[in-house]
Amino acid sequence: MAVTTGTSTTVFGQDTLPKLFRHVVRERGARVAMREKELGVWRAVSWHEYGERARHVGLGLVALGLRHRDVVSIMADNCPEWLYTDLGTLSVGGVTNGIYTTDSARQVEYIVNDSGTRFFFAADEEQLDKILEVRGSCPQLVKIIVFDLEGLHAFKDEQVMSFDELLELGLRHEAENPGAFERLVELARPDDLAILVYTSGTTGPPKGAMLSHRNILFQIDYSDYVTALREGDQQLSFLPLCHIAERTVSVFNPLRTGATVNFAESIDTVPDNLREVAPALFFAVPRIWEKLYSAVALRMRDATRPGRLAYHWALSVGARVAERRVAGRRPGVGLRLLFRIADFFVLDNVKRSMGLHRARGTATGAAPIAPDLIKWYMALGIDMREVYGQTENCGLATAMPVDRIKLGTVGIARPGTEVRISAEGEILLKGSPRLPRLL
């Protein structure tokens, strides 16, 4: 449970991310925190394992010279190692920053220098090559750590080490310094800088949005904006963790909800992984929702005539239910019964084909979406909400309320947030009044 008092926000009584992470690791122990697919099999990672690896990452960095508020950058696709590094860094007083894997070497150079990155985590040989190309222009860079050494076994460089070597270093540091980790967890204060998230730079060079521990806990306080998640619920992580929305959904919100994060194998396998995972909550950008719709439309085009007729009949029933919901009216008993029949014989199969049959809530954001597309998902019986936010406000600012749906809008301000339109037509947001503390 999250509590906000004045300018202080706590989750489960903890006022910083390191303390919250330590608390939930102790509470959840052997329960599953995340899953990753290896050789066709989903491999589970417990909260205990999550905490242990994050602890060894953090202590390994301390052994390498990480200081309080040093910046650690991560350039990798979504994977458990991303989360170990993120929470491990935060737990020892560091600041984490994600870099898109599609960025060029020059973009990497700019972000590393602008952020003051001292430790750099690269996914593999491809990302390692980028930082090696520009490291001569990054004088503050201390160490480069690589997650996946495939193709690099013969590579030797004093500034580069493997992720496994870092874990071993952290394990040794822990044995030599009993109690060090617990002391480091206590370093951060609610208003300290926790993470940097670089914007796309559409109007100039990318700028690092500075988010404090309190900013993030304030956002976690409304992690049930679409649906309340609980332990055992599944989520699918596939959008870049550099983006504040995915970071919040896949890293920070599960600290409160206890939901299990499943990592997609790649962006190409998202449809297959979505069907395997069948998440309780699914957040995606409009492009993904359009692709899912197109896949169903293609299947219906190739279906038998009876199949097409059944689909269009069931969808027409669902559309009538959706229209009443948008109008703020409850469907009558007869229509509700008819929808149950349509769902049992047709619509549930459509949802299963997309992996959304267990979704209690879905959300779309980051770009405009066609209202008719939302209405199509609502006709299937999928609770879809359009949301809006910015990197600078740690993600969510407004969301469509379940009982006040107005298609083509992004809803109302989330609790604790004020929204105004300036005389110049700019969107003004006000939430937590204090900025991250740097010194």
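In the predicted model, leucine 281 has glycine 361 of strand β15 as its bridge partner. The two strands concerned, β14 and β15 (residues 361-364), run in the parallel sense and are joined over four bridges. This pairing belongs to an open sheet of five strands, in which the order is β14-β15-β16-β17-β18 and the pairing is mixed. The sheet is bounded by β14 (281-284) and by β18 (412-413), the edge strands, each of which pairs on one side only.

At the level of the whole chain, the secondary structure comprises 14 helices and 20 strands. The C-alpha trace spans about 70 × 50 × 45 Å along its principal axes. The radius of gyration of the protein chain is 23 Å, which agrees with the value near 22 Å that would be expected because a compact globule of 439 residues follows the rule of 2.2 Å times the number of residues to the power 0.38.

Burial and contacts were then examined over the same chain. Of the 439 residues, 53% are buried, and among contacts with a separation of 6 or more, 67% are accounted for by residues 24 or more positions apart. The area exposed by the protein chain is about 19800 Å², of which carbon and sulfur atoms supply 53%. With regard to charge, the protein chain carries 53 positive and 53 negative side chains, and the centres of these two sets lie 9 Å apart.

Key
Residues numbered from 1 in each chain as written. Predicted model: local features only at pLDDT ≥ 70, side-chain atom pairs only at ≥ 80, totals over all residues. Heavy atoms only, no water. Pairing = 2+ DSSP bridges. Buried < 20%, exposed > 50% of the residue type's maximum accessible area, 1.4 Å probe, protein only. Contact = heavy atoms within 4.5 Å. Areas by Shrake-Rupley, 256 points an atom, 1.4 Å probe, with all protein chains shown as cover. Lys, Arg positive; Asp, Glu negative; His and termini not counted. Charge placed at Lys NZ, Arg CZ, Asp CG, Glu CD.
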